[in-house]
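Please look through the structure shown here with its sequence, taking the contacts between domains before turning to a sheet.

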Amino acid sequence: MVEFREHILSNGLRLVMSRQAAIPNVIINTSFHVGSRNEEPDKTGISHLFEHLMFTGSKNVPQGMFDEILNSNGGESNAFTTQDYTSYYLSVPSSRIELGMWLDSDRLAEFPVNKESLEIQKKVVLEEKKQVHDNAPFGSLELESFKRLFPKSGYRWPIIGEEKHIKNFKLSDIKEFFERFYIPSNLVLTVTGDIDYDEAIKLAEKYYGDIRNGHAAIDRTYDEVPIEKSTEETIKDNITLPARFLFYRVSEAGTDDYYILRLISAALSSGESSRIYRALVSSGISSEAYTYLSGMEKASVFTFNCFLNEGKTLDDAAGIMDDILNDVSENGLKEEEIVKSVNKVETSYYFRIQSSMRLADSLAYYKLFFNDCDMINKETGRYKIFDNDIIKRTAGKYIKNNRRVTLNYVPGRKGRSH
Amino acid sequence: MTDRSKMPVSGFMKDVQFPEYREHVLANGMKVFFVKDDKFPVTTCRFLVKSGSYFDFFSNGRAGLATVTAEMLNRGTRGKTYNKIAETIDYNGALMSNGAGYDASFLSLSCLKKNFTDMFGLVSEMMTESVFPEEELSQKKSQLISSLISLQDEGAYLAERAFLSILYRGTPYEMDPDGYPDSVKGITRDDVTAFARENYTSENMILGIVGDFDEKEIIKSAENKFSRNGDDKSVRRYEFPNKSPKPGVYIIKKKDAFQASLQIGHAGIKRGHPDYIKTHFLNTLFGGMFTSRINKNLREVNGLTYGARTSFNCKKYAGDFSIETEVNEDKTGFAVEEIIKEMNLMRDVPVQEEELTSAKNYITGNFPLQLETSNNVAGKLLSLELYGADRDFYNHYISSVNALTVDDITETAQKYFRPEELIITAAGNPGILKKQLGKFGVTEIIDKVK
């Protein structure tokens, strides 16, 4: 059981705390309910670029000194951006919790970015885009799949954004973005580790409680068109061995359907006794094959990846991949497959909450999207109530009767145009 | 409004002790380390065999043999088939990993406390009674070969692999622990069986158990499983050359690259070297943290890369120092100039007291995070034993770091940063890289990394 406490600051900011005194450090996590899907179609990548800019200094923290001050006080920081939210964390020795909150909150109290930092971080992000996407084998998967799965909504462009948008951002764009989204009502502050609850509340009130709240309503609508027909594309990439990827648009995170699909995914592909491992890897067709579910706010993506062994063709894998999915839609899972997956979920849960950083991550996520931190304690139990009828029905609904996107990655010269 | 103009005064950092552990020696001499942690109902056991790919060198060039052997451990024992083992592990919800590096092979398994006794029996069986079935071996090999082929598509892998092969040429550390497509193809069941027979012996193995467990029960089970002693393993000594090979520029062709993948460095020190802490500290300041000199220069000031880091890789018998980064290909030459400039600055100009203190605090403050999970604690304990390091190493670690002086850093930099010995490897567009890097020395173009 993870114990936690919640508190609302005077400006409405939501504070979540969990004391874990195994080590004398504190994690301060600030998670903002804004991600790439909330961007304008002609200004993609601003959420992620802004994440970089949060580390460049602020009114009372000189340019380039955020991490200098943090590192020199025994701290460390990082952040990530998804389609739905942006999350920052810093760790500090517990005696320096006030310093951590001062550093973190100063960049929220007033617009923290200057032109020079913006221009440097644009370059850094463009190099990140090359390293993670353009120059990496299969680095275009997110781009190629999401634009087909989500033809209309903000999920259709990649988190990192388009190069021409990144290059064109002006300081005024960044300021507008900050004022709109980086406000207390759009943020959950989570503090874990070696804390005293009362002290944490007092310090949070001091440093975060006086931050201005914005008024602009944030448009969170999600409007997507049905996928009319299954599509299959061949994508050339700088790779030697081909791979096949199937994508299904499925229920958003947190629903029963979502957890059932996660159970199905775990059953099909975790461990060397799983169906997928046996049919595709042990049989010598694939070096790596698995399904996974990426949970998102308004929809999730169920993916089936299969990387081919030398000498095997896409056709060798295609039929087997279909057979596995058809079988689960028609017959569901076997009793022992359900037990195996539930057991694996339970083991993984304990290893996740051992780390105060991952614990802060989870609590922030549950609070931000479900307003329910206790999901961390209830989640494992949710898997235990599903029987095979409901599993079969759900697989049928999303996998059998749903239109899918198939991408066949083959060796070839990848264009350098984008 | 809160006055934010003043930085809050910092408190003292608490002293952190390495978690308590108990050591037990089995009747056959095998060492077992116990770290009790009952915060969560889970347990991890980690077997370490003190032989890794270093020993491939003595097996007729069968690069990848230690890895294949370790990865075959769950694929069949005298009493159980691969399928049976996989079913049991998965049914118990256990998480297992097995593989090999340069100096050791390992098998690690984590599961719920209630399943641990059964699982421990099973992994003990894998460590002592594996039979390496022919059919499973051939499948494992084709899987590994395909992964190795795909690795060749990654610029960072090509640069790193070329760098290590050139630096360690002719020595037991030259080859990739995972091997190469051709060398893995040649591995036979006899090779694997012989490797296991010679290396998976009780006196060559260490075991770490962390989490919530019954110590007596584990000792009883281990005494029972590991009662046999292996054959005496002859120690394979190799005299490592004292100096770095010829410096130069090596360009690995990757014509569709969007960036240049760089790996630059020279020889370093082995893990047991008395200057280990000094080089570790120097590295933190130079390229081991976000605000290190190298990352600050290449990323935060010049915007040439998403990130750059440096490391002293200390193996059991030798080591290397290197900088790795992926940079804008049109600025590759400039990036290398800046790296060399930073190395020289470190040698020529004493660090400011403030920078020294900052790096000390960084290490001190972050150290507890490395001890937070029981897996990390087990890993650190077993490494000390593997490398023959002082058992109290982690208890003295923070005080040793905090005792370092400005002069120590300058001396260490002068001794272990040697710009004139740099081997520069870069994977990317050969036309661009040749122009960018030609000025740094004799340039060789490499078609394929092996």
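In this predicted model, 3 salt bridges are counted between domain 1 of chain A and domain 2 of chain A. E297(A) forms a salt bridge with R37(A), in which the closest N and O atoms are 3.5 Å apart. Between the two domains there are also 13 residue pairs in polar contact, with both residues at pLDDT 80 or more. On the side of domain 1 of chain A that touches domain 2 of chain A, the elements giving two or more residues are β2 (14–19), β3 (25–32), β5 (86–93), α5 (141–149) and β6 (187–193) of chain A, and α5(A) gives the most, with 6 residues.

The domains themselves span residues 5–208 for domain 1 and 231–411 for domain 2 of chain A, and their C-alpha centres lie 29 Å apart. In this chain, 36 residues of domain 1 are in contact with 34 residues of domain 2. Together the two domains of chain A bury about 3100 Å² between them, 69% of it on carbon and sulfur atoms. F138(A), R148(A) and L149(A) supply 22% of the area that domain 1 of chain A buries against domain 2 of chain A, more than any other three residues.

In chain B, an open sheet of 6 strands with mixed pairing follows the order β9-β10-β8-β11-β7-β12, and its edge strands, β9 (305–314) and β12 (443–446) of chain B, each pair on one side only. Strand β7 (residues 248–253) of chain B runs parallel to β12(B) and is joined to it by 4 bridges, with I252(B) standing opposite I446(B) in β12(B). Helix α16 (residues 430–437) of chain B packs on the sheet, where it touches β7, β8 (260–267), β11 (423–428) and β12 of chain B.

Technical notes. Residues numbered from 1 in each chain as written. Chains lettered and ligands numbered in written order. Predicted model: local features only at pLDDT ≥ 70, side-chain atom pairs only at ≥ 80, totals over all residues. Heavy atoms only, no water. Pairing = 2+ DSSP bridges. Contact = heavy atoms within 4.5 Å. Axes fitted to C-alpha atoms, helices over the stretch in contact; angles between N-to-C directions. Domains from an automatic or database assignment. Buried area = accessible area lost by both parts, 1.4 Å probe. Salt bridge = Lys/Arg side-chain N within 4 Å of Asp/Glu carboxyl O. Polar contact = N/O pair within 3.5 Å; in protein donor to acceptor, adjacent residues only side chain to side chain.
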